[in-house]
Amino acid sequence: MDDPSHLEKFNHDCSKDLQVNGTDIEKKCSQNVDFLLVIDLEGKVEILEFPVLLIDAKSLSLVDFFHRFVRPTKMSEQAVNKYIEGKYGEIGVDRVWHDTAQPFKEVMQQFEAWLSQHNLWEKEKGSRLTRAAFVTCGNWDLKTKIPQQCEVSGIKLPPYFMEWINLKDVYLNFYGREARGMMSMMKQLEIPLLGCHHLGIDDSKNIARVLQRMLVDGPLMQVTAKRNPGSQKVEFLFENRIQHPSRQRR
């Protein structure tokens with residue numbers, strides 16, 4: 001996060017993009033958790049970007065964020081260069097990615113230290129999150145991609161990735177209308193797009209802005225999916241939920 005090229009490209013004062021006025025804070029309903037972790041991964045073959053925004057469920061404000069570019073474990077250098085040029089080259093992020101990307105295993109070690117720093121997880125206990133829950137825009141990030149990447153990287157699936165809140169399912173059940181992705185939710189809620197779509201840190205900000213708006217409007221942010229640690233089977237807890245013919249994503 002202190003790399004000059006990283007800082008040069010990104011404005012990391014995320015708080016100014018996620019401001020909430022006092023009137024809105026007074027309207028919000030109380031939640032079962034104190035913090036919500038908005039995560040939105042990037043990368044089809046392997047994870048290329050790992051951004052997480054920590055939102056205070058009471059004040060709706062941004063507490064902190066974690067952002068790393070991830071270097072693939074098994075993709076060839078030629079394939080990586082081609083993929084990064086196509087994905088990040090158009091928005092001028094390819095050089096920063098090459099300069100700062102780290103292996104997934106190292107990113108996870110840093111992420112766990114970050115979680116512990118905020119007292120959201122205790123490595124010694126190996127438990128799930130404390131007073132917090134992940135928020136995703138679809139099930140793909142934590143149901144599919146994280147387990148795949150852990151297997152490729154040769155690490156065990158961390159216990160804190162066993163449950164999450166799919167914002168699309170909460171949205172459907174609260175507003176009574178479908179929104180198949182981040183863009184459709186923003187359009188329906190009349191929230192203008194911030195930054196570049198499919199740049200993970202910007203998508204995370206935009207999903208967080210949808211989350212803030214929903215918290216003001218009143219739904220309870222309940223866990224929508226749980227993974228059985230033994231069988232690894234995922235149980236979906238909402239009967240009325242968004243179902244995609246392929247992967248669930250933005």
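Salt bridges, strands and cores in a predicted model

This predicted model holds 6 salt bridges.

Q: Which residue meets Arg95 in a salt bridge, about one helical turn away in helix H4?
A: The partner of Arg95 lies 4 residues apart from it in helix H4, which means that the two are separated by about one helical turn. Arg95 is partly exposed, with a relative accessible area of 44%. The side chains meet with N to O at 3.5 Å, and the partner is Asp99.

Q: How many residues apart are Arg128 and Glu163, whose side chains meet in a salt bridge?
A: The side chains of Arg128 and Glu163 meet at 3.0 Å, N to O. Arg128 counts as partly exposed at 31% relative accessibility, and Glu163 is also partly exposed, with a relative accessible area of 22%. The pair links distant parts of the chain, since Arg128 sits in the loop between helix H5 and E5 while Glu163 belongs to strand E6, and the separation is 35 residues.

Q: Why do the buried residues Val80, Ile84 and Tyr88 lie on the same side of helix H3?
A: Val80, Ile84 and Tyr88 are buried in H3. An α-helix has 3.6 residues a turn, so residues three or four places apart point the same way. In H3 the three buried residues are on the same side because the arc they cover around the axis is only 25 degrees.

Q: Which elements do the buried residues of H3 pack against?
A: The face of H3 turned away from its buried side carries the exposed residues Gln78, Lys82 and Glu85. The buried residues of H3, for their part, pack against strand E2, strand E3 and helix H4.

Q: Which residue of E2 is the bridge partner of Val38?
A: Strand E1 (residues 35-39) has 5 of its 5 residues buried, with Phe35, Leu37 and Ile39 on one side and Leu36 and Val38 on the other. E1 pairs with strand E5 in the parallel sense over 4 bridges, whereas E1 and E2 pair in the antiparallel sense over 5 bridges. In E2, the residue bridged to Val38 is Leu53.

Q: Which helix gives the most residues to the largest nonpolar core?
A: The largest nonpolar core has 45 residues, and those with the most contacts inside it are Leu36, Leu167, Leu211 and Met221. The helix that gives the most to this core, with 8 residues, is H9 (residues 200-217).

Methods. Residues numbered from 1 in each chain as written. Predicted model: local features only at pLDDT ≥ 70, side-chain atom pairs only at ≥ 80, totals over all residues. Heavy atoms only, no water. Buried < 20%, exposed > 50% of the residue type's maximum accessible area, 1.4 Å probe, protein only. Arc of directions from axis to C-beta. Contact = heavy atoms within 4.5 Å. Core = buried A, V, L, I, M, F, W, Y, C linked by side-chain atoms within 4.5 Å. Pairing = 2+ DSSP bridges. Salt bridge = Lys/Arg side-chain N within 4 Å of Asp/Glu carboxyl O.
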